[in-house]
Amino acid sequence: MKDVDLKDFFRLIHEISGLNVVLDPNVHGTLTVVLDDVPWDQALDIVLKNNDLARELEGNVLRIATVETLKREADARRAQVESESLAVEKVSVTRFLSYAKAKDVVVTVKKFLSQRGDVVADDRTNAVVISDIPKVIPTIDRLLTQLDRKTQEVEIEARVVAATRQFARDIGTQFGFGFGNSGAALGGNSAAGVSPNTATLPTGQSPAYFTVPGTGTSTSGSAIPLFSNLGSTAPTSGLSFTAASQTVRIDAVLSMAESRGLLKVLSRPRIVTQNNIQAGVKQGVRVPIVTQAQLGGPPTVTYIDAFLRLTVTPQITSENTIFLNVDVENTTPNFAQEVQGNPELITQQATTQVLVTDGGTVVIGGVIQTQNSIEVDQVPVLGNIPFLGNLFKHTTVNTTNQELIFFITPRIIQT
């Protein structure tokens with residue numbers, strides 16, 4: 001089309017679309033355009049934009065007017081509505097709420113009132129008093145019906161499992177020997193200790209040259225100095241061997257101890273709260289912490305919480321899953337370790353955000369600590385001999401495993 005009158009273009013739109021086209025008197029001008037395989041509605045929008053025109057569709061009637069004309073008409077309609085609302089007499093209604101708090105609803109309701117409207121909350125009766133023009137009241141009633149709904153409740157159960165496993169093994173040996181005659185003698189060193197065996201010597205033997213003075217006579221119980229004193233610290237079992245002759249005496253003691261321990265602590269705090277409402281539960285003791293007197297003043301006492309505490313905020317999603325903002329803390333005093341009479345506090349805590357299915361259980365955190373220690377005391381050189389070196393060693397093995405796991409289980413309560 002070249003230099004075509006706009007009215008002819010809109011007549012073409014009428015023939016293609018089948019719509020009734022009405023033109024505003026201010027619509028005039030010419031059109032030059034080249035279009036290939038363009039939908040009629042897209043071509044219409046391009047022409048309207050190039051000529052500062054706009055359209056309104058009511059039923060099957062398409063009205064074409066200038067942008068300025070449509071804007072002026074919209075301002076006139078808005079002014080008419082405002083004038084009508086100012087002329088109508090206001091009405092006041094009172095709506096009582098069952099589940100929602102009136103003071104919380106007021107903030108939302110104010111956004112849907114007219115310029116003349118007002119709303120106040122009565123906390124005593126949990127009601128809202130609305131004053132506005134009549135046509136706004138049905139809208140406010142529908143809004144209140146949607147807001148004043150029963151809130152779902154969630155039961156949250158946390159489990160704090162603490163397990164401590166201990167294993168200790170203590171194996172040691174004590175070895176003493178003596179060899180000699182009236183001219184020379186060889187034996188252990190009394191500085192290393194004295195043999196615990198005091199067996200009576202056979203009649204006619206007098207190996208006094210390798211006994212410890214004061215521990216007996218040549219014919220009564222006597223002890224010899226030890227070559228190695230690597231016995232178990234607190235033995236619970238053992239073996240001993242003693243051999244004595246005119247010139248030789250051997251004392252050997254094997255001592256052993258082993259212990260195992262298992263300690264489990266299970267804490268299960270539980271709480272029920274409404275959707276999107278924070279709740280907390282705690283149980284424990286308040287530990288007094290004494291501060292020494294300063295500048296001549298009296299001592300002061302401060303109480304520190306040593307609690308098992310659960311703080312959680314649930315949010316129920318549209319899929320009936322539960323989003324949890326949870327904080328679990330387990331603090332216990334350790335009176336076995338004190339500083340100036342004040343016990344230390346052992347704290348176990350997990351803070352996280354997690355999505356859980358209804359009735360499902362999830363591990364929100366855990367700590368595993370393993371301590372392994374092996375301590376070996378031995379006789380130089382001899383303790384390094386394979387297999388045989390175990391006779392000249394004291395071996396202590398200690399293993400401690402500490403496990404701390406936090407579980408959380410939410411359940412939606414059907415009411």
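Which residue forms a salt bridge with Arg309? The points below lead to the partner and its surroundings.

1. This is a predicted model, in which local features need pLDDT of at least 70 and side-chain atom pairs count only at pLDDT 80 or more, while totals for chains, interfaces and linings use all residues. Residues are numbered from 1 along each chain as its sequence is written, and side-chain values use heavy atoms, with hydrogens and water left out.

2. Four strands (DSSP runs of E, at least two residues, numbered from the N terminus) form an open sheet in the order S15-S16-S17-S18 with antiparallel pairing, where pairing requires at least two DSSP bridges between two strands. Strands S15 (279-291) and S18 (342-357) are at the edges with a single partner strand each, so one side of each lacks a neighbour in the sheet.

3. Within this sheet, nine bridges connect S16 (residues 300-316) with the antiparallel S17 (residues 321-339), and Thr311 has Asp327 in S17 as its bridge partner.

4. Asp327 is also the residue that forms a salt bridge with Arg309, their closest N and O atoms lying 3.3 Å apart; the term denotes a side-chain nitrogen of Lys or Arg within 4 Å of a carboxyl oxygen of Asp or Glu. Because Arg309 lies in S16 and Asp327 in S17, the pair ties together parts that are 18 residues apart in sequence. Asp327 is buried at 16% relative accessible area, whereas Arg309 is partly exposed at 21% (buried is under 20%, exposed over 50%, partly exposed in between, with a 1.4 Å probe and protein chains only).

5. The structure holds 18 salt bridges, including one between Arg260 and Glu258, of which Arg260 is exposed at 67% relative accessibility.
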